[in-house]
Amino acid sequence: AVQLVGEKEYTLVPEAEGPTGWVFKDGILTASPKWDSVITRDLYQDFRMHVEFNVNDTGDTKDPEGNGNSGVYIQGRYEVQIHNSFGISAGDYTPSYGGSIYKQKKPDLLVSKKAGEWQTYDIAFRAARFKGDRKTENARITVYHNGELIHDDYAIAKQTGAGKKEGPEPGPIKLQGHH
């Protein structure tokens with residue numbers, strides 16, 4: 001196992017050149033207040049990952065998608081959305097809210113906790129398969145949110161949102177800083 005954030009240190013590096021606004025204190029890595037992401041130094045193909053997070057409540061009712069918005073980007077390509085989504089009804093839930101495969105699929109269950117409460121994602125990921133530059137199989141993902149199955153071996157057809165183009169090479173894990 002590779003521990004990305006521990007009690008005394010973290011191993012993530014800024015995605016872009018220059019300093020990062022992320023703050024590490026007492027074993028907690030707090031996202032930057034600006035557009036600023038961190039990534040793993042290592043690149044990954046197939047893996048299992050445990051993420052613990054909590055989101056803030058920005059109180060922004062004009063742009064609900066911006067409320068506590070962040071994400072876990074797998075291989076820099078596929079985003080599992082982090083968002084302050086507690087209390088959003090199933091009818092109003094969009095694939096840009098918490099637990100979604102961004103803009104592609106809403107979670108099968110809505111299990112977000114209130115802003116400020118710790119939450120978890122347990123992710124099993126199988127990278128897309130290629131023969132040369134031709135994709136032969138979609139990437140697949142299983143996600144448990146707070147211990148509940150929300151995506152069961154879902155085939156991700158293409159990169160999500162601002163994700164990098166799909167390809168056969170491994171990629172980093174990115175924790176998105178989204179203001």
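What follows is a chat between a trainee and a mentor about a predicted model.

Trainee: Let's start with the sheet that holds β5. What is the order of the strands in that open sheet of 4 strands?

Mentor: Take the pairings one by one. β5 and β8 run antiparallel and are joined by 7 bridges. β8, residues 119–126, pairs with β11 over 6 bridges, again antiparallel, and β11 pairs with β12, residues 148–156, over 6 antiparallel bridges. That gives the order β5-β8-β11-β12.

Trainee: Which strands stand at the edges of that sheet?

Mentor: Look for strands with a single partner, so that one side is left without a neighbour in the sheet. Neighbouring strands here are turned by 15 degrees against each other on average, direction ignored. The two edge strands are β5 and β12.

Trainee: And β11, how many of its 7 residues are buried?

Mentor: β11 covers residues 139–145, and it has β8 as a partner over 6 bridges and β12 as another, also over 6 bridges. The count of buried residues is high enough that β11 is largely enclosed by the rest of the structure, so the answer is 5 of the 7.

Trainee: Staying with β11, which residue in β12 is the bridge partner of Arg 140?

Mentor: Arg 140 can be followed across the sheet in both directions. Towards β8, Arg 140 is the bridge partner of Arg 126. Towards β12, the bridge partner of Arg 140 is Ala 155.

Trainee: Which residue in the hairpin of β11 and β12 takes a positive phi?

Mentor: That hairpin has 2 residues between its strands. The phi in question is near 50 degrees, and the residue is Asn 146.

Trainee: Back to β5. Which residues make up its covered face?

Mentor: Start with the uncovered face, which holds Arg 48, His 50 and Glu 52. Val 51 lies in this strand too, and its relative accessible area is 9%, under the 20% cut-off, so Val 51 counts as buried. The covered face is Phe 47, Met 49, Val 51 and Phe 53.

Trainee: Which residue in β8 is the bridge partner of Phe 53?

Mentor: Use the register between the two strands. Glu 52 stands opposite Thr 120 in β8. For Phe 53, the bridge partner is Gln 119.

Trainee: There's another open sheet, with 5 strands. Which are its edge strands?

Mentor: The order is β1-β4-β13-β6-β7, with antiparallel pairing. β6 and β7, for instance, pair over 5 bridges, and Ile 74 stands opposite Tyr 78 in β7. The strands that pair on one side only are β1 and β7.

Trainee: How far apart are the C-alpha atoms of Val 51 and Val 72?

Mentor: Val 51 lies in β5. Along the chain, Val 51 and Val 72 are 21 residues apart. In space, their C-alpha atoms are separated by 8.8 Å.

Trainee: Which element gives the most to the largest nonpolar core?

Mentor: In soluble globular proteins, nonpolar side chains tend to be buried together. This core has 30 residues, and those touching the most other members include Met 49, Val 72, Tyr 121 and Ile 141. Elements giving two or more residues are β5, β6, β7, β8, β11 and β12. The one that gives the most, with 4 residues, is β5.

Trainee: What about empty space: which element gives the largest share of the lining of the largest pocket?

Mentor: The largest pocket has a volume of about 1200 Å³. Among its 40 lining residues, Leu 29, Val 51, Glu 52, Phe 53 and Leu 175 are the closest to its centre. The lining divides into 20 nonpolar, 18 polar and 2 charged residues. The largest share, 7 residues, comes from β5.

Trainee: Two loop residues caught my eye. Is Gln 75 buried or exposed?

Mentor: Gln 75 sits in the loop between β6 and β7, and its phi is positive, near 60 degrees. Its relative accessibility is 3%, and the cut-off is under 20%, so Gln 75 counts as buried.

Trainee: And Lys 103, buried or exposed?

Mentor: Lys 103 has its place in the loop between β7 and β8, with a positive phi near 65 degrees. The relative accessible area is 51%, and over 50% is what's needed, so Lys 103 is exposed.

Definitions and conventions: Residues are numbered from 1 along each chain as its sequence is written. This is a predicted model: local features need pLDDT of at least 70, side-chain atom pairs count only at pLDDT 80 or more; totals for chains, interfaces and linings use all residues. Side-chain values use heavy atoms; hydrogens and water are left out. Buried means under 20% relative accessible area, exposed over 50%, partly exposed in between (1.4 Å probe, protein chains only). Two strands pair if DSSP finds at least two bridges between them. On a 1 Å grid over the protein atoms alone, a cavity is a set of points where a 1.4 Å probe fits but cannot get out, and a pocket is an open set with protein on both sides within 12 Å along at least five of seven lines; lining residues have an atom within 4 Å of a point. Grid points are joined across faces, edges and corners, and a volume is the space filled by probe spheres set on the points. Ala, Val, Leu, Ile, Met, Phe, Trp, Tyr, Cys and Pro count as nonpolar, Asp, Glu, Lys and Arg as charged, and the others, Gly among them, as polar. Axes are lines fitted to C-alpha atoms, for helices over the stretch in contact, and angles run from 0 to 180 degrees between N-to-C directions. A nonpolar core is a set of buried Ala, Val, Leu, Ile, Met, Phe, Trp, Tyr and Cys residues joined through side-chain atoms within 4.5 Å.
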